[in-house]
Structures are given as structure tokens and as C-alpha cells.
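Work through the exercises below with the model open. Each task is followed by its solution.

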Amino acid sequence: MSTPRPTKLTDAEISAALSKLRGWEVKDAKLHRAYKFADFVSAFGFMTGAALVAQAMDHHPEWFNVWNVVRIDLATHDAGGITALDVKLAEALEALARRQLER
């Protein structure tokens with residue numbers, strides 16, 4: 001039995017999700033967020049935790065890191081856009097970043 005392929009969200013569904021994801025936006029047809037941490041070690045610590053979350057979900061972000069900034073883009077390539085899986089990963093990353101930024 002195969003896992004159902006995720007389906008692309010509608011603009012209305014994306015808008016509803018964004019209303020609950022502080023700091024996230026749609027940029028280049030992907031969910032996009034930049035986090036600024038205290039320093040490189042904090043940024044890298046977030047990325048390490050995010051990697052574990054993403055691997056457990058089998059859904060991996062596009063990301064970029066320079067010193068204390070981590071930029072993240074989420075889209076589901078198989079679906080050709082943003083899916084519920086991207087929203088779920090964004091929610092998990094937001095919770096992880098919140099804990100990291102509170103330290």
C-alpha cells in the first residue's frame with residue numbers, strides 16, 4: 001500500500017495557514033521564513049534540530065545559513081507547490097525556533 005501523494009493547497013488554504021504562522025510568507029511559490037539567532041552556534045543548533053524533525057517527517061527544507069541567519073523555503077516538489085506537509089513542517093520549525101530563541 002503506497003502513501004497518498006500530497007496535494008497542492010489552494011490560495012485560501014495557504015492564507016489560512018499563514019495567519020497562524022508568524023513571520024512566514026509566500027515567496028517564489030514557497031513558504032518562506034528567515035530566523036535570526038544570537039550567533040552561529042545557536043543558528044546551527046536550530047538547523048540540527050530542524051534536520052531531525054525534517055528527517056522524521058521525510059520532508060526536507062531548502063535552507064541557507066550565514067552566521068546567525070537561517071532562511072528556509074518549503075514546497076513539495078512532487079505536488080508542484082505548497083502542501084499541508086509544508087505547513088506541518090513550518091509549524092514544527094516555528095516551535096523549535098521559539099524554544100531556541102528563548103534561551
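## Fold and strand pairing

Along the sequence, this protein runs α-β-β-α-β-β-α. The model is a predicted one.

**Exercise 1.** Count the helices and strands, then judge the compactness of the chain.

*Solution.*
- Step 1: There are three helices and four strands.
- Step 2: The radius of gyration is 14 Å, and the globule rule gives 13 Å for 103 residues.
- Step 3: These values are close, so the protein is as compact as a globular protein of that length.
- Step 4: The C-alpha trace spans about 40 × 30 × 20 Å along its principal axes.

**Exercise 2.** Find the strands that pair with β4, and give the sense of each pairing.

*Solution.*
- Step 1: β2 (residues 30-36) is antiparallel to β4, with six bridges.
- Step 2: β3 (residues 62-66) also runs antiparallel to β4, joined by five bridges.
- Step 3: Take V70 as a reference point. Y35 stands opposite V70, and N65 has V70 as its bridge partner.
- Step 4: Look at the link between β3 and β4. The two strands form a hairpin with two residues between them. In the turn, W67 has a positive phi of about 45 degrees.

**Exercise 3.** Sort the residues of β4 by face, covered or uncovered.

*Solution.*
- Step 1: β4 covers residues 69-74.
- Step 2: V70, I72 and L74 make up the covered face.
- Step 3: V69, R71 and D73 lie on the uncovered face.

**Exercise 4.** State what share of the protein is buried, and what supplies its exposed area.

*Solution.*
- Step 1: Buried residues, under 20% relative accessible area, are 37% of the 103 residues.
- Step 2: The protein exposes about 6500 Å², with 55% from carbon and sulfur atoms.

Conventions. Residues are numbered from 1 along each chain as its sequence is written. This is a predicted model: local features need pLDDT of at least 70, side-chain atom pairs count only at pLDDT 80 or more; totals for chains, interfaces and linings use all residues. Side-chain values use heavy atoms; hydrogens and water are left out. Buried means under 20% relative accessible area, exposed over 50%, partly exposed in between (1.4 Å probe, protein chains only). Two strands pair if DSSP finds at least two bridges between them. The radius of gyration is taken over C-alpha atoms; the globule rule is 2.2 Å times the number of residues to the power 0.38. Accessible areas come from the Shrake-Rupley method with a 1.4 Å probe; for residues, only the protein chains shown count as cover.
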